Amino acid sequence: MLDNVVAVDRTQTPAALRFAPRMNVALAFVDRHLGEGRGAKIAIRTIREDVTYAALAERVNRCGNVLKGLGLARSDRVVMVVKDCPAFFYLFWGAIKAGIVPVPLNTLLRRADYEFMIGDSGCAALVYSPEFASEVEPALAGTGHKPRAIQRTEGAGDSLDARMAVAATTLDPVLADPEADCFWLYSSGSTGRPKGAVHLQRDMIVTSQRYGIEALGAREDDVFFSAAKLFFAYGLGNAMTFPLWVGGTAVLSDARPTPQHTFEIIQKFRPTLYFGVPTLYAAQLQALEKEKPDLSSIRLCVSAGEALPADIFRRWQAATGKLILDGIGSTEALHIFVSNLADDVKPGASGRVVPGYRARIVDEQGREAKVGDSGRLMIAGESMAKYYWNNPERTATTMVGGWVDTGDTYYRDADGYYFYCGRSDDMLKVGGIWCSPFEIEAKLIEHPKVLEAAIIGRADSDGLIKPAAYIVLKNAGDAGDALTAELQQLCKRDLAGYKFPRWCNFVSELPKTATGKIQRFKLRSLRA
Ligand code: 3UK
């Protein structure tokens with residue numbers, strides 16, 4: 001038993017996981033390392049500091065005590081808008097150890113998004129990095145729900161940092177059922193209204209064991225660097241739960257993951273496992289034409305968030321000699337459930353089912369699709385979110401009889417490889433992050449010259465999807481580059497940075513159904 005939390009029986013394949021009936025998952029990810037002699041080992045590295053496992057465990061306790069001191073109690077939510085830094089770990093695990101539910105939010109969002117999530121979560125506390133004050137503070141002012149406690153992580157005056165410095169260093173774990181609610185992650189829906197996926201105590205153990213160890217082969221001597229940030233389920237696994245599960249080292253950077261910056265981090269910290277998204281691999285490939293960074297520390301690269309085009313896989317292998325393992329994961333599943341493996345790669349495919357998960361492809365009638373026939377990908381396993389907070393309708397349509405509907409269209413070949421064909425809804429993935437067409441359309445029609453707008457995904461020169469707009473103007477004569485720039489500026493001002501339309505096509509009308517619904521699929525079949 002690892003710290004009275006879980007027993008991993010490796011005599012079976014996949015290894016059998018047996019959870020204690022009363023447990024706290026923070027013990028298995030944080031405190032366990034002290035008992036296993038890793039106190040002096042470095043758990044987290046950043047440009048500013050190294051944090052040992054002993055320091056991590058103590059600061060997690062301090063942080064849990066700060067949250068309790070702020071009046072938070074069992075099952076209260078603490079919303080986190082926190083950059084990739086050690087405080088993210090302290091808050092997340094400190095909350096969990098104290099029985100409080102952490103809810104990390106995407107730090108690239110804007111005030112209207114935060115306003116909704118603060119209200120929807122009914123959070124008792126909100127903690128944010130000072131860098132995000134200009135979006136978070138107006139959101140707080142605008143929402144009807146007022147969290148009891150509001151704290152900046154650091155900076156002058158009252159802060160989490162200052163409170164941690166004077167907090168007690170020990171904390172009794174609040175024990176819970178392995179299937180008790182533990183943390184949430186918000187995921188954007190096709191209507192634009194985000195859904196809080198509620199994850200359970202056991203879920204991070206399942207993903208760390210199934211994908212982290214058994215599929216990826218993560219080990220104690222690995223150094224993990226994820227260009228995808230911690231707020232994203234992908235980054236949370238890559239840069240926090242996997243390293244802490246194997247007793248490895250996580251490298252964190254709060255900077256924007258540009259090619260130059262990621263190369264700098266890789267050269268400075270020499271990670272062995274590197275996690276990116278297709279858009280970044282494409283940008284890095286372009287940068288590699290001019291510079292030759294030393295990437296020799298890396299033994300495997302991973303890609304997820306959106307499909308990795310086979311061409312990027314091949315060019316990366318030619319330029320760096322490294323494999324990129326593409327795998328599909330989701331917020332609901334918490335991490336990757338269909339993946340390529342180091343000794344089993346099929347470029348252009350998402351790979352095969354990760355042991356411990358089950359996948360089905362079903363047709364419109366819910367019948368199993370034949371090999372080669374496309375259908376909806378459904379997934380089951382022990383790390384699935386139990387429900388969406390405050391959203392029984394979406395829970396009922398997405399989580400059906402133990403299966404989670406991914407909303408993706410896939411086919412499977414005779415060898416069990418899964419191939420991505422697109423979304424079953426109109427949602428886009430831009431740089432691996434959800435993007436709702438409705439949200440961009442709603443912003444565009446705020447412009448006084450715009451009558452109607454439709455957003456679809458269009459592949460750029462690397463085969464990666466970006467938003468493209470079809471716009472009907474009140475006065476067709478206004479069309480032109482100046483208006484395109486103005487509309488892009490409007491979106492950049494009010495929406496998360498990756499959501500602006502890269503192309504604006506001015507048209508005289510939009511294809512619609514008899515009931516007036518925009519037929520985005522018809523626009524998708526047009527040529528750019
Ligand atoms: C799409 C992919 C093709 C697909 C995620 C790894 O992306 C993650 O979670 P999200 O909830 O989005 C899930 C949706 O994204 N997708 C993700 N990976 C791939 N499509 N090929 C891929 N390799 O539409 C899926 O339904 O944001 C990824 C680990 C954890 C995650 N949460």
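Where is Pro14 found? In this predicted model, Pro14 belongs to the loop between strand 1 (6–9) and strand 2 (16–19). The peptide bond leading into Pro14 from Thr13 is cis, with omega near -15°. Two other loops hold a backbone oddity of another sort. Arg270, in the loop between helix 9 (259–269) and strand 13 (273–276), has a positive phi of about 50° although it is not a glycine. Its side of the story on accessibility is a middling one: Arg270 is partly exposed, at 37% relative accessibility. Leu334, which is not a glycine either, has a positive phi near 80° and sits in the loop between strand 15 and strand 16 (336–339). Leu334 counts as buried because its relative accessibility is 3%, under the 20% cut-off.

Next comes the stretch around strand 3. Strand 3 (42–45) and strand 4 (50–52) are joined by the loop that holds Thr46, and the two strands make a hairpin with 4 residues between them. Their pairing is antiparallel and runs over 3 bridges, with Arg45 matched to Asp50 in strand 4. Strand 3 also pairs with strand 12 (residues 249–251), this time in the parallel sense and over 2 bridges. Here Arg45 turns up again, standing opposite Val251 in strand 12. Arg45 therefore has a bridge partner in strand 4 and one in strand 12, and such pairing in general goes through backbone hydrogen bonds, either parallel or antiparallel.

As for Thr46 itself, this loop residue is buried, with a relative accessible area of 8%. A polar atom of the Thr46 side chain lies 3.0 Å from the backbone nitrogen of Arg48. Beyond its neighbours up to four places away in sequence, Thr46 touches Pro86, Leu252 and Phe269.

Moving along the chain, Ser159 lies in the loop between strand 8 (149–152) and helix 6. Ser159 is buried, with a relative accessible area of 1%. Setting aside residues up to four places away in sequence, Ser159 touches Gln151, Arg152, Thr153 and Glu154. Arg163 is placed in helix 6 itself (residues 160–165) and is partly exposed, at 31% relative accessible area. Gln151 shows up here too: leaving out neighbours within four places in sequence, Arg163 is in contact with Val66, Leu70, Gln151 and Asp158. The C-alpha atoms of Arg163 and Gln151 are 9.9 Å apart, with 12 residues separating the pair in sequence.

The ligand has 23 residues around it, and Asp326, Gly327, Thr331, Asp408 and Lys429 come nearest. Several polar atoms can be paired up across this boundary. An N or O atom in the Asp326 side chain is 2.7 Å from a nitrogen atom of the ligand, and a backbone N or O atom of Ser330 is 3.3 Å from a ligand nitrogen. The side chain of Asp408 places an N or O atom 2.4 Å from an oxygen atom of the ligand. Taken alone, the ligand exposes 610 Å², and the protein buries 98% of that. Helix 8 (233–246), strand 15 (324–329), strand 22 (403–412) and strand 23 (418–423) are the elements that give two or more residues to the shell. Strand 15 supplies the largest share, with 4 residues.

Further along comes an open sheet of 3 strands, in the order 26-27-28 and with mixed pairing. Strand 26 (450–459) and strand 28 (503–506) are the edge strands; each has a single partner strand, so one side of each lacks a neighbour in the sheet. On average, neighbouring strands of this sheet are turned by 25° against each other, direction ignored. Strand 26 and strand 27 (residues 465–473) pair in the antiparallel sense over 9 bridges, and Arg458 stands opposite Lys466 in strand 27. Helix 14 (residues 481–494) lies across strand 26, strand 27 and strand 28, and runs at about 125° to strand 28.

Technical notes
Residues numbered from 1 in each chain as written. Predicted model: local features only at pLDDT ≥ 70, side-chain atom pairs only at ≥ 80, totals over all residues. Heavy atoms only, no water. Buried < 20%, exposed > 50% of the residue type's maximum accessible area, 1.4 Å probe, protein only. Polar contact = N/O pair within 3.5 Å; in protein donor to acceptor, adjacent residues only side chain to side chain. Contact = heavy atoms within 4.5 Å. Pairing = 2+ DSSP bridges. Axes fitted to C-alpha atoms, helices over the stretch in contact; angles between N-to-C directions. Near = heavy atom within 4 Å. Areas by Shrake-Rupley, 256 points an atom, 1.4 Å probe, with all protein chains shown as cover.
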